[in-house]
Structures are given as structure tokens and as C-alpha cells.
Amino acid sequence: MVNELNRALQKHGLDMLVSTLVDDTVGELAGGRFNSRDVVAAVTLGMGTNAAYVERAEAVPKWSGRLPNTEEMVINMDWGNFSCSHLAITSYDACLDAESLNPGERVLQIYYVFLHGHPLITYGTYNGMYLGDIVRRVLLKMAEETALFGDTVPPKLRIPYVLRSPDMALMHQDTSEDREVIGEKLKDIFGIADSTRMVREVVAEVCDIVTERGARLAGAGIVGILKKLGRTETKRSVVIVEGGLYEHYRLFRNYLHSSIWEMLGKEFSDNVIIEESLGGSGIGAVLLTTSHLQPISASDS
């Protein structure tokens with residue numbers, strides 16, 4: 001791919017040379033690993049979701065070439081495409097997947113509602129549409145079957161992706177006594193002018209359930225990586241997390257941390273440190289590119 005990109009640049013008369021293409025999660029891991037050898041994995045929770053970790057080269061069965069000098073390799077999991085019969089798929093997940101741009105291709109991101117964004121749409125401080133739309137679909141069914149919002153189902157509740165994930169997060173994190181933020185969002189987004197406090201509490205609970213489900217699966221993935229590496233019991237392990245979902249969504253972040261502590265247990269949870277990425281993937285990409293550059297000889301200068 002690097003060669004094709006360089007040929008395209010040359011074709012268009014651009015005096016540029018691309019030496020390395022780096023996945024953002026791999027770049028994130030490289031930057032963290034440069035600062036600390038305790039960093040063993042990186043996770044992206046933002047517009048999409050992915051994970052990468054450092055593995056012993058001899059433990060990679062698909063590797064057939066000469067082992068690297070460091071005897072370590074980075075495994076890019078691309079776990080956003082993960083699918084398994086053991087995943088608890090709901091009717092809301094199945095319907096959303098069937099109506100998505102790529103049915104069946106972003107299983108983990110859709111079913112467990114990590115924020116996977118439309119390539120042409122950017123939503124506020126963190127991107128995505130699936131998280132909010134799962135909530136919308138649940139509220140729609142409740143409106144149809146239990147008259148949650150009255151005898152008539154609000155027409156805007158039937159519009160796909162009308163509930164943006166940032167708005168859903170604001171409703172979820174509404175701590176006002178009467179859930180005023182939820183009331184305002186129901187009015188502005190769905191045209192529901194008069195909502196009781198009980199209805200607002202139900203909406204908050206739906207947001208909470210959907211968010212906790214996504215966070216717990218992310219936590220399970222992280223614990224799975226650490227167990228694969230055999231680092232849960234005795235070794236200090238740092239996992240770098242990047243992305244607007246983790247950075248801006250406090251309750252999601254709290255659920256992620258608590259799920260990891262719960263799965264590891266009190267005895268081993270202190271061995272695992274979850275840190276927010278400070279430099280993002282850019283620093284790691286620069287470091288990886290620098291490591292691949294060839295020295296400039298005197299004749300070339």
C-alpha cells in the first residue's frame with residue numbers, strides 16, 4: 001500500500017515520500033511503549049473501536065519468517081469486526097445491523113454500541129451514531145407497547161439516528177433533581193413537550209443499561225488480552241486508552257474501570273493500570289516512521 005501511495009503522489013507531481021502507514025491504535029501503543037515498558041496494550045474507543053497488544057513473537061503461530069531481534073511483535077486485533085455466537089445479540093442490535101451501511105461487518109461495534117461513525121458525519125466532541133440509536137430503538141418500542149410518551153407515538157422517535165450519541169450522553173449524565181436536561185432533549189429532539197419525571201427516569205435508565213453493556217464488553221476484551229499474555233497475577237500492566245468515548249463520557253469510563261476490577265478481582269486488579277493516551281497515535285506514528293528511515297549518506301546530502 002505504501003508503494004501504491006508513493007506512485008500516486010509521484011503521478012500528481014507531489015514531492016513527498018511516504019515511508020510508513022500506521023494504524024491509529026498501533027501508533028497509540030507505540031507511543032505508550034516508548035514511554036514505559038509496562039505498556040502492553042492500547043485500545044481505541046471513539047469513532048470506531050480497536051485494540052493492539054505486544055506479544056512474544058514465538059507465540060504467534062502464523063508468523064513464518066525470521067523472528068525479530070526484539071523477539072516481540074505487535075498484534076493488531078481489529079476487534080471491531082469480531083463476531084461470535086456467544087455474543088448476546090438483541091432484536092435492537094439485529095435490526096440496527098441490518099439497516100446499517102455495512103451489515104454484518106462491524107459486529108462488535110454495532111452490537112455492543114461502541115461509537116462507530118458514519119464516514120461523512122462528525123458529531124460534536126466525540127463521534128458516532130449507533131450508541132444513541134440503540135437507545136432510540138428501545139424508547140420507540142416502549143412507546144409503542146406501553147404508551148411511555150402518551151397515546152400517540154412521537155413521529156420523530158421513528159427517525160433513524162435522530163438521537164446523536166453526544167445528546168444521549170448528556171441525558172445519561174443529567175444529575176439535576178428533575179432531570180431537566182433529559183426533558184430539554186426529549187423536547188428538542190423528539191418534540192415531546194410534556195414529559196413527567198417518571199418518564200425521564202425511565203429514559204435515564206435505558207441510557208444507563210445501553211452504556212454499561214458497551215463498557216463491560218470493552219472491559220472484557222481488555223481482561224482477555226491480559227490473560228492471554230499471562231500478566232493478570234504478578235506483573236504490572238498498563239493499558240493505554242484513546243478516543244472521545246473514553247475521554248468525554250465519564251459514566252462509560254467509570255463502567256469500563258469497574259468491570260475490569262470486577263473481572264480481575266480485588267487480588268489482581270491493582271496490577272492493571274488503565275491510562276488515557278496523552279499524545280494520541282500521532283507520536284507513535286512518528287516514532288515508528290523514524291525507526292524505518294534510512295540514514296542519509298554524504299553523497300545524498
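These are my notebook entries on what I looked up in this predicted model.

**Ground rules**

I number residues from 1 along each chain as its sequence is written, and I leave out hydrogens and water, using heavy atoms for side-chain values. As the model is predicted, local features need pLDDT of at least 70 and side-chain atom pairs count only at pLDDT 80 or more, while totals for chains, interfaces and linings use all residues.

**Entry 1: the cores**

I began with the nonpolar cores. By nonpolar core I mean a set of buried Ala, Val, Leu, Ile, Met, Phe, Trp, Tyr and Cys residues joined through side-chain atoms within 4.5 Å. My scale for burial is relative accessible area: buried is under 20%, exposed is over 50%, and partly exposed is in between, with a 1.4 Å probe and protein chains only. Which residues touch the most other members of the largest nonpolar core? I found L45, F149 and V203, out of 55 residues in that core. Helix α8, residues 197-229, gives the most to this core, with 13 residues. I take helices (H or I, at least four residues) and strands (E, at least two) as DSSP runs, numbered from the N terminus. There is also a second, separate core of 8 residues, and L29, V39, V54 and I240 are among them.

**Entry 2: salt bridges**

Next I turned to charge pairs. Side chains of opposite charge can pair when their charged atoms come close. I count a salt bridge when a side-chain nitrogen of Lys or Arg is within 4 Å of a carboxyl oxygen of Asp or Glu. A search of the whole structure gave me 15 salt bridges.

I looked at E72 and R37, whose closest N and O atoms are 3.5 Å apart. This pair links distant parts of the chain, with E72 in strand β3 (residues 72-76) and R37 in the loop between α2 (24-35) and β1 (39-45), 35 residues apart. I noted E72 as partly exposed at 28% relative accessibility, and R37 as exposed at 58%.

Then I went to K228 and E55, whose side chains meet in a salt bridge of 2.4 Å, N to O. Here K228 sits in helix α8 and E55 in strand β2 (residues 49-56), and the two are 173 residues apart. Is E55 buried or exposed? E55 is buried, with a relative accessible area of 5%, while K228 is partly exposed at 48%.

My third pair was E58 and R56, with 2.7 Å from N to O. E58 is exposed, with a relative accessible area of 63%, and R56 is partly exposed at 45%. I also found a network: salt bridges that share partners join D178, R179, R197 and E201.

**Entry 3: surface patches**

For patches I use residues with over 30% relative accessible area and no salt bridge, joining like charges within 9 Å and nonpolar side chains (Val, Leu, Ile, Met, Phe, Trp, Tyr) within 5 Å. The accessible areas come from the Shrake-Rupley method with a 1.4 Å probe, and for residues only the protein chains shown count as cover. Asp and Glu count as negative and Lys and Arg as positive, with His and the chain ends not counted. I place each charge at NZ of Lys, CZ of Arg, CG of Asp or CD of Glu.

Which residues gather in a patch of negative charge on the surface? They are E177, E180, E184 and D188. I placed E184 in helix α7 (residues 180-190), and it is partly exposed at 48%.

A nonpolar surface patch of about 320 Å² is made by M1, L5 and L21. L5 belongs to helix α1 (residues 2-11) and is partly exposed, with a relative accessible area of 33%.

**Entry 4: backbone angles**

Most residues other than glycine have a negative phi. I found D78 with a positive phi near 50°. D78 lies in the loop between β3 and α3 (91-99) and is partly exposed at 37%. R179 also has a positive phi, of about 55°, although it is not a glycine. I met R179 earlier in the salt-bridge network; it is found in the loop between α6 and α7 and counts as buried at 18%.

**Entry 5: two loop contacts**

What separates the C-alpha atoms of P160 and R136? I read 8.0 Å, for residues 24 apart along the chain. P160 is in the loop between α5 (130-146) and α6 (165-172). My last look was at M16, an exposed residue at 53% in the loop between α1 and α2. The C-alpha atoms of M16 and N6 are separated by 7.6 Å.
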